[in-house]
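Me: I would like a close look at one strand in this structure, covering its surroundings and its pairing partners. Please keep to a single connected account.

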Amino acid sequence: MGETIIIDTPDGSFGAYVAKPVSPKAPAIVVIQEIFGVNAVMRAITDDFAREGYLAICPDLFWRIEPGIDITDQSEAEWKRAFELFNAFDVEAGVKDIDATIDHIRADPACSGKVGTVGFCLGGLLAFLTAARTDADASVAYYGVGIEKYTAEADKLAQPLLLHIAEEDQFVPKAAQQLILSALKNHPQIEIHTYPGRDHAFARRGGEHYHAADAAAAQERTLAFFKKAL
């Protein structure tokens, strides 16, 4: 459905997967990857947003380590590689690359000017930081890992942010969840939904912890949020 384009920045160039809606002009959504790169799951999510009427783009945020990472969560070797990439990843540079992606897609003649972001796992943390540090018009974070370390950045939030938290997330322990909830639950720009019994990546189709009903509920909330904000 989509195509790969190149985004040029002062630091270098990187690829991004783009899926276009039927409408000639639409709001854009930047889809922020998990630790497996711009893989089939991320491309499918990008395609889904295009089907919902958005100009969707998923940048390759691992390009500084190795361009074109496209692995799955289906083997031990791929998980090992994914965590190597996660540990080597520069979060600050990643936010810069997302910011460049926002600027690029906002300048596209097919974009209405409004740009949202949605991230999963590592991308959930990056969506939170993007909300705080860029001019994105709205952001959604699915089970973001490490948000508890950055909650003070919510003071900079000027646009709406939606958080999906899995209550049994093995990568976001209960103590971290409490820090996030206590710091952010009363913020005027933030909407939070928690999912009892759900583990990390409950919305990753084909994943071990995929839960169809809660993934659908989270998607419905995400689409309603973007419809209102964008």
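Reply: The model is predicted. The part taken here is strand β6, residues 138–142. Five of its five residues are buried, that is, under 20% relative accessible area, so β6 is largely enclosed by the rest of the structure. The cover extends to both faces: Ala138, Val140 and Tyr142 are buried on one side, and Ser139 and Ala141 on the other.

Along its edges, β6 has two partners. With strand β5 (residues 111–120), β6 pairs in the parallel sense over five bridges. Within this pairing, Val118 has Val140 as its bridge partner, and Gly119 stands opposite Ala141. With strand β7 (residues 161–166), the pairing is again parallel, over four bridges. There, Tyr142 stands opposite His164.

The connection from β5 involves helix α4 (residues 122–133): β5, α4 and β6 form a right-handed β-α-β unit.

In the wider setting, β6 belongs to an open sheet of eight strands with mixed pairing, in the order β1-β2-β4-β3-β5-β6-β7-β8. The edge strands, each pairing on one side only, are β1 (3–9) and β8 (190–195). On average, neighbouring strands of this sheet are turned by 20 degrees against each other, direction ignored. Helix α4 packs on the sheet and touches β6 as well as β3 (26–32), β5 and β7. The direction of α4 makes about 135 degrees with that of β5.

Methods. Residues are numbered from 1 along each chain as its sequence is written. This is a predicted model: local features need pLDDT of at least 70, side-chain atom pairs count only at pLDDT 80 or more; totals for chains, interfaces and linings use all residues. Side-chain values use heavy atoms; hydrogens and water are left out. Buried means under 20% relative accessible area, exposed over 50%, partly exposed in between (1.4 Å probe, protein chains only). Helices (H or I, at least four residues) and strands (E, at least two) are DSSP runs, numbered from the N terminus. Two strands pair if DSSP finds at least two bridges between them. A crossover is right-handed if, with the strands pointing away from the viewer, the path from the first strand over the helix to the second runs clockwise. Axes are lines fitted to C-alpha atoms, for helices over the stretch in contact, and angles run from 0 to 180 degrees between N-to-C directions. Contact means heavy atoms within 4.5 Å.
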